[in-house]
Amino acid sequence: MSRNMEPLIVGRVVGDIVDGFIPSVKMSVIYNSNKQVANGHELMPSVVTAKPRVDIGGEDLRAAYTLIMTDPDAPSPSDPYLREHLHWIVADIPGTTDASFGKEIVSYEPPKPVIGIHRFAFILFKQRGRETVMPPASRDYFNTRRFAEENGLGSPVAAVYFNAQRPTAARRR
């Protein structure tokens with residue numbers, strides 16, 4: 001496994017959400033035009049209320065990609081019985097562009113963790129063709145592996161995740 005896979009393995013993104021893969025496309029996820037998502041770093045829920053800019057690398061504008069954002073820790077990391085909770089899917093993103101050029105098939109739902117520290121993962125797949133990805137039936141009990149298989153997406157080509165938790169309430173004196 002490559003060095004940039006280590007945080008995904010340690011953070012159990014590889015294992016809980018996807019199987020091991022070899023990253024082959026650059027992807028950057030930026031909230032509020034200045035908060036770049038880095039594996040394992042924490043972002044406050046107030047920072048992630050609006051959908052991020054997701055830049056996709058690749059070498060070919062004709063290639064199409066699907067982006068999935070999911071929470072494998074719903075409703076709580078100690079009892080993730082809703083695993084996974086789907087937050088966003090954008091399909092048909094042309095290579096070398098960003099997610100705004102794709103087709104949003106599941107609208108962005110901002111992370112709102114209630115209990116514990118949740119992981120929010122962005123997983124990128126290369127599509128075999130355009131307009132081949134169908135929306136899932138539900139956001140709850142979503143399964144990235146099954147979705148990829150049902151839509152012929154193969155293994156991921158990029159992934160990154162951040163942690164978020166409920167802001168602590170102001171303490172009363």
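Which residues form one aromatic cluster together with Y31? The tour of this predicted model returns to that point after a look at the sheet.

**The sheet**

Begin by selecting the five strands that form an open sheet, which run in the order β6-β5-β4-β7-β8 with antiparallel pairing. Colour the two edge strands next: β6, residues 103–106, and β8, residues 156–165. Each of them has a single partner strand, so one side of each is left without a neighbour in the sheet. Turning the view along the sheet shows the twist, which averages 15° from one strand to the next. As a general point, strands of a sheet pair through backbone hydrogen bonds, either parallel or antiparallel.

Now restrict the selection to residues 64–71, which make up β4, and residues 117–126, which make up β7. These two strands pair in the antiparallel sense over six bridges. To place one position in this pairing, select M69 and look across to β7, where F122 is its bridge partner.

**The aromatic residues**

Keep F122 displayed and add Y31, F120 and F162: these four residues form one aromatic cluster, which answers the opening question. The structure holds six aromatic pairs. One of them joins F120 and F162, whose rings are stacked at 5.4 Å centre to centre, with 25° between the planes. Because F120 lies in strand β7 and F162 in strand β8, this pair ties together parts that are 42 residues apart in sequence. Are F120 and F162 buried or exposed? Both are buried.

Move next to F142 and F147, an aromatic pair that is tilted, with 5.3 Å centre to centre and 50° between the planes. A residue counts as buried under 20% relative accessible area. F142 has a relative accessibility of 4% and therefore counts as buried; F147, with a relative accessible area of 3%, is buried also.

**The second largest pocket**

Finally, display the second largest pocket, which holds about 180 Å³ of space. Which residues of its lining should be selected as the closest to its centre? They are D71, A74, H85, K112 and P113, out of 15 lining residues. Strand β5, residues 85–94, supplies at least two residues of this lining, and β7 likewise supplies at least two. Colouring the lining of the second largest pocket by residue class gives eight nonpolar, three polar and four charged residues.

Technical notes
Residues numbered from 1 in each chain as written. Predicted model: local features only at pLDDT ≥ 70, side-chain atom pairs only at ≥ 80, totals over all residues. Heavy atoms only, no water. Pairing = 2+ DSSP bridges. Helix = DSSP H or I, 4+ residues; strand = E, 2+ residues; numbered from the N terminus. Axes fitted to C-alpha atoms, helices over the stretch in contact; angles between N-to-C directions. Phe/Tyr/Trp six-rings, centres within 6.5 Å; stacked < 30°, edge-to-face > 60°. Buried < 20%, exposed > 50% of the residue type's maximum accessible area, 1.4 Å probe, protein only. 1 Å grid on protein atoms, 1.4 Å probe; cavity = no way out; pocket = protein on both sides within 12 Å on 5 of 7 lines; lining within 4 Å. Points joined across faces, edges and corners; volume = space filled by probe spheres on them. Nonpolar A, V, L, I, M, F, W, Y, C, P; charged D, E, K, R; others polar.
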